[in-house]
Amino acid sequence: MIEGQGTTGLVLKEPTIFERSSAGRQGYALPALDVPEKQPVRFVRHKAAELPEVSELEVVRHFTRLSNWNYSVDLGMFPLGSCTMKYNPRINEEIAALPGLSVIHPDLPAEHCQGALEIIYCLEKLLCGISGMDECTAQPSAGAQGELTGLMIVRAFHESLGSSRKIVLVPDTAHGTNPASSVLAGYQAITLKSSSSGILNLEDVRGVCDKFGRDIAAMMITNPNTLGLFESNIIEISQALHNVGAQLYMDGANLNAIMGYAKPSDMGVDVMQFNLHKTFSTPHGGGGPGAGPVAVRSHLAPYLPNPRIRLVEGKYVTENLKSSIGKVRGYYGNFGVLVRALAYILQQGADGLKQVSKAAVLNANYLRHRLSSHFAVPYRSPHFHECVLTDAIQIKENGVKTLAIAKALIDQGFHPPTIYFPLVVGGAMLIEPTETESLQELDKLIDAFITIAEAIRTKKDNFEHAPRKTIVGKVDEVRAARQPILSLDDRAQ
Ligand SMILES: *Cc1c(COP(=O)(O)O)cnc(C)c1O
């Protein structure tokens, strides 16, 4: 057990709120009715709603106790890979909560919300500056929605040239959203195998460009990729695509590893998305809220979603483009998230963003270096922002697989890393420490991993029953997802 981490403190058991219920108990008291009671009879319930009957204090305790069972970035490190999970500075929250920003109505005419439009406009311009791209829309609400928006723009561009292309190329290391977005945008996703070094093989890309030629609408590349490796042939790849009139889409979810050092525009990228909730420290998790702005080179700008915000003679105005793909969500985007991202970028400045990438890469390489004598490391080349390990050594020593190692980490007080992804690595454990963790915190995580590896090596434990220290121990995950127990009735079944 590592000091300062772990779950040995006071952990209160908590029944479901229905089990706390006691007939007639309520959280409010209203004065007696002093007018004749009248009800539109057809709307009256025949059976009382099945709601728990509890007092206000019981509600407060119930949810506070449950919230204490949750693990969050405010409690400890989230060593998840692929999804950058870093700390969101509180100043972003304070700024987004300013009444002038948090309570404005999205239907206000442009002349009455100049400040809000300026925020979105400035953010779009800064994202163009960071990426080297020409224009940007802050409208999409997630990375995946940005991907779809980007591909719809690509489709509109090809259609404007009278070409109906069918294929989007996606490397086998890609995030699952890439092929999904391709299909949603009406394309066939064709998977491209990466080389044994973990990146794309230029000859393979040239080969598929020869084979499918003008049927290829675009290729989606994540750079650095989900193995944390930089696609070192990116310029030649973009040339091969451009030679057949295809577009290079960059999944920008891993921008945290390169910002300030490399610009996607210099890599021949035509369109990309940013994941503000990853790179630019806005809240993340539980399905939202997020934002996935899309930036394009000028030839794709006429197809960006409406409305566009322009600065004309010192005033922010909105404009609808004739050839736009239309709207991809209501209004201008997930405004509160955009405010947080702008606050973060301005707070860091250009030097700060560079420092972020540098520290994120250093942290990942430090982890990989220290853990490489205890766990198998599938790719030896220098990694960028994530560290990939596998269970190969632990399987050989004591038959212990990645899933058990991940569960064992919970008993050490850490959230598990991403496991079994990327799919191209058998038994993968993918860790992205990000720049926000200190050396002490990284060392604690490393110690936890080593403690587990030692227990496996000396056959002291195979972690078959981990986690053992949490309120809810090892669960049947498939059953838990399919038959969640949310009420007394569920429990009785
Ligand atoms: C997180 C992620 C996505 C999807 O982004 P969401 O905002 O979760 O929709 C896409 N690609 C990569 C590489 C990612 O890490």
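The exercises below work through a predicted model, each with a solution in steps.

In this predicted model, local features need pLDDT of at least 70 and side-chain atom pairs count only at pLDDT 80 or more, while totals for chains, interfaces and linings use all residues. Residues are numbered from 1 along each chain as its sequence is written, and side-chain values use heavy atoms, with hydrogens and water left out.

**Exercise 1. The ligand shell**

Determine how many residues surround the ligand, and which are the closest.

Step 1. A residue counts as near the ligand if one of its heavy atoms lies within 4 Å of it; on this basis 14 residues surround the ligand, the closest being Gly143, Ala144, Asp251, His277 and Lys278.

Step 2. The polar contacts (pairs of N or O atoms within 3.5 Å; within protein, one must be able to donate a hydrogen and the other to accept it, and residues adjacent in sequence count only if both atoms are side-chain atoms) can then be listed. A polar side-chain atom of histidine 277 is 2.6 Å from a ligand oxygen, one of lysine 278 is 2.8 Å from a ligand oxygen, and an N or O atom in the side chain of asparagine 275 is 3.0 Å from an oxygen atom of the ligand.

Step 3. Of the 380 Å² of accessible area that the ligand has on its own, 89% is covered by the protein, with areas taken from the Shrake-Rupley method with a 1.4 Å probe, where for residues only the protein chains shown count as cover.

Step 4. Helices (H or I, at least four residues) and strands (E, at least two) are DSSP runs, numbered from the N terminus. The elements giving two or more residues to the shell are α6 (143-160) and α10 (276-279), and α6 contributes the largest share, three residues.

**Exercise 2. A salt bridge in a helix**

Find the salt-bridge partner of arginine 155 and locate both residues.

Step 1. A salt bridge is a side-chain nitrogen of Lys or Arg within 4 Å of a carboxyl oxygen of Asp or Glu, and by this rule the count comes to 19.

Step 2. The partner of arginine 155 is glutamate 159, with the closest N and O atoms 3.0 Å apart.

Step 3. Both residues belong to helix α6, where they are four residues apart, about one turn of the helix.

**Exercise 3. Strand pairing**

Work out the strand order of the open three-stranded sheet, and explain why one side of β10 and of β11 has no neighbour in the sheet.

Step 1. Two strands pair if DSSP finds at least two bridges between them; the order of the open sheet is β10-β12-β11, with antiparallel pairing.

Step 2. Because β10 (387-389) and β11 (418-419) stand at the edges, each with a single partner strand, one side of each is left without a neighbour in the sheet.

Step 3. β11 is joined to β12 (residues 429-431) by two bridges, and isoleucine 419 stands opposite methionine 429 in β12.

Step 4. Elsewhere, five bridges join the antiparallel strands β8 (residues 308-312) and β9 (residues 315-319), and arginine 308 has glutamate 319 in β9 as its bridge partner.

**Exercise 4. Backbone exceptions**

Identify cis peptide bonds and residues with positive phi.

Step 1. Most residues other than glycine have a negative phi, and most peptide bonds are trans.

Step 2. A cis bond joins asparagine 306 and proline 307, with omega about -5°, and proline 307 lies in the loop between β7 (294-296) and β8. Another cis bond joins alanine 466 and proline 467, with omega about 0°, and proline 467 is in the loop between α14 and α15.

Step 3. Glutamate 313, in the β8 and β9 hairpin with two residues between the strands, takes a positive phi near 50°. Serine 82 has phi near 70° and sits in the loop between α2 (56-69) and α3 (90-96).
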